[in-house]
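Welcome, and thank you for taking a look at this one with us. Please have the sequence and the model open side by side as you read.

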Amino acid sequence: MSEKVLMKGNEAFAEAAIRGGCRFYFGYPITPQSEIPEYMSRELPKRGGTFLQAESELGAINAAYGAGAAGGNVFISSSSPGIALMQEGVSFLCSAEVPVVMLNVSRGGPGIGGIQPGQADYYQVTRGGGNGDYRVPVFAPSSIQEGVDLIYEAPVLADEWRNPIMLLADGMLGQMMEPVVLPEQRPFAESADIRAKKPWALKGYGDSDKNKAVVKSLRMQPDDLEAHVEKLFAKYREAEKALVRWESEGLEDADVVFVAFGTVARLTKEAIEILASQGVKAGLIRPISLWPFPYQAFDEISPKTKVVISTELSMGQMIEDVKVGVNGRYPVELIHRTGGIVPTSLEVAEKAREILAKI
Amino acid sequence: MSTHKLFFAGSGGQGILLMGQMITYAAMLEDKSATFLPSYGPEMRGGTANCTVVVSDKPVSCPLIYEADAVVAMNLPSLLKFESRVKPGDAMLLNTSILDQRPTRTDINVCEVAVNEIAMELGNIRTANMVMLGAVVRTTGVVSQESIEKVMHKIFTGKKAELIGLNTKAFEYWKK
């Protein structure tokens, strides 16, 4: 295992993408993730990859579509409003089944909003802002190490599922530093590898026209389009089983169960310690995959639990999935801040006690 | 098992973030768990800067703090804004070279450090933050002095290596 290094989240994520074999990066600067394009502009060309600063986020996602269609492993990143601009492209990538790894280092919204951490892109990344029937697997790391591990794995998953894979971090995770162990470099795919492993990729006709590949999202015949979408959804149903991930603790005897992802899960863990010191038993469900959402995790909650609390940096978006998971078995409440404000662990613990007192 | 929560505040250019990063780096060298969380914003040199460092023997769950074992205030706005953040009985370290005011609280330990004067006495005013770093490490025991010295050799490399002597001298001011 390689040595621990102290890295800023954004730089560690960029390095993990390179080591994961992502040879192409297209991006446009936006706070709080501008260190990623900066890092890529410095490192990727040295390592045999391609960095391109696009003229806009639309340029970046469409360059990703092109490079991905040609079989390249692509990594792109942005922050909330920039990811919003990319949504059309995400819909196209899903329809054309082109793998791309995307990272949203999210901030407060709506609109241009602010630059401090937010989770109000939950709907955007799990429901999507593009048109049509499609799904994007989304993973939400809660530490820099977990982010590095997920980004390293993402190009493999994207290729396997022939679909974009989204990572959702937030400004705090992008800006903070933690010791991290970086994985080994996975070799960049060469043309011959791509030709062998991705028969669907646009690699030219070669020796004969038997290898003719078409990457498209236009399907003018309704029955053709319906059959295509049904095929995509058969894939998504498999992904729902294969890609669902979560972590839980203390569910067996909790008075209150928190549901939180990303950095909020970390401060919620500290809130749980504070509550324990006050004699309140609290548990945690931490979704790692936001789509597919770990609904099954809620079946592990003890019958004696009094309330399930969704803790979010938004006005309450994940809470809709929490309610589906709870399925009427427990009251569901929300603890939240928004606009770029992150509550302290103490604030979460106090609000949880207030909620418990009312039940 | 111990956890240290430190908070550094001042104006951009005072070396606030470097102090926090060096402690985080030193903690990693000691095989501890550590997080460094900077404030980030549109500010540049002369604006406000602060950072939070958490160091623990167990994995750090929360990089964000509501109270600190030590708060470093390098200028007046930092003293006024973050005095309330010191845990009762714990320390507030003040840059008295530019601070005339003192904390109003009586339940905290105040450590007065004339960083500029000390740094000038040692030969370079730009090592003022290392003087303060030395005071923080000595006051809190968050990491060992030896670990910080190792960090100096890791981060001041190439052309910057000539700064090691000067910075080490400033950091070690408190050894005597």
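## Helices, a sheet and a chain contact

In this predicted model, α11(A) passes α13(A) in a right-handed crossing. Let us stay with this pair for a moment. Two packed helices are described by the angle between their axes and the distance between the axes. Here helix α11 of chain A (residues 262–277) and helix α13 of chain A (residues 345–358) have axes 8 Å apart, at an angle of about 55°. Angles between 35 and 65 degrees count as oblique, and α11(A) and α13(A) are therefore oblique to each other.

Which residues make the contact? From α11(A) come A:Leu267, A:Thr268, A:Glu270, A:Ala271, A:Ile274 and A:Leu275, while α13(A) brings A:Ser345, A:Leu346, A:Val348, A:Ala349 and A:Ala352. By character, the residues of this contact of α11(A) with α13(A) are eight nonpolar, two polar and one charged.

Both helices also meet a sheet. That open sheet of chain A has five strands in the order β9-β11-β10-β13-β14, with mixed pairing. Its edge strands are β9 (246–249) and β14 (332–336) of chain A, each of which pairs on one side only. Ignoring direction, neighbouring strands of the sheet are turned by 20° against each other on average.

At one end of that order, strand β13 of chain A (residues 307–312) runs parallel to β14(A), and five bridges join the two. A:Glu312 stands opposite A:His336 in β14(A).

How do the two helices lie on the sheet? The table puts their placements side by side.

| Helix | Strands of chain A touched or crossed | Direction |
|---|---|---|
| α11(A) | touches β10 (256–259), β11 (282–287) and β13 | about 170° with β11(A) |
| α13(A) | lies across β10, β11, β13 and β14 | about 150° to β13(A) |

Strands β10, β11 and β13 of chain A thus appear in the row for α11(A) and again in the row for α13(A).

Finally, let us turn to where the two chains meet. How many residues does each chain give to the contact? Chain A gives 18 residues and chain B gives 16 residues. On the side of chain B that touches chain A, α1 (16–29) and β2 (33–38) of chain B each supply at least two residues. The largest share of that side, five residues, comes from β2(B). What is the character of the residues on the side of chain B that touches chain A? They divide into 11 nonpolar and five polar, with no charged residues.

Definitions and conventions: Residues numbered from 1 in each chain as written. Chains lettered and ligands numbered in written order. Predicted model: local features only at pLDDT ≥ 70, side-chain atom pairs only at ≥ 80, totals over all residues. Contact = placed C-beta atoms within 7 Å. Helix = DSSP H or I, 4+ residues; strand = E, 2+ residues; numbered from the N terminus. Nonpolar A, V, L, I, M, F, W, Y, C, P; charged D, E, K, R; others polar. Axes fitted to C-alpha atoms, helices over the stretch in contact; angles between N-to-C directions. Parallel < 35°, antiparallel > 145°, perpendicular 65-115°, else oblique. Left-handed = near helix turned anticlockwise from the far one by under 90°. Pairing = 2+ DSSP bridges.
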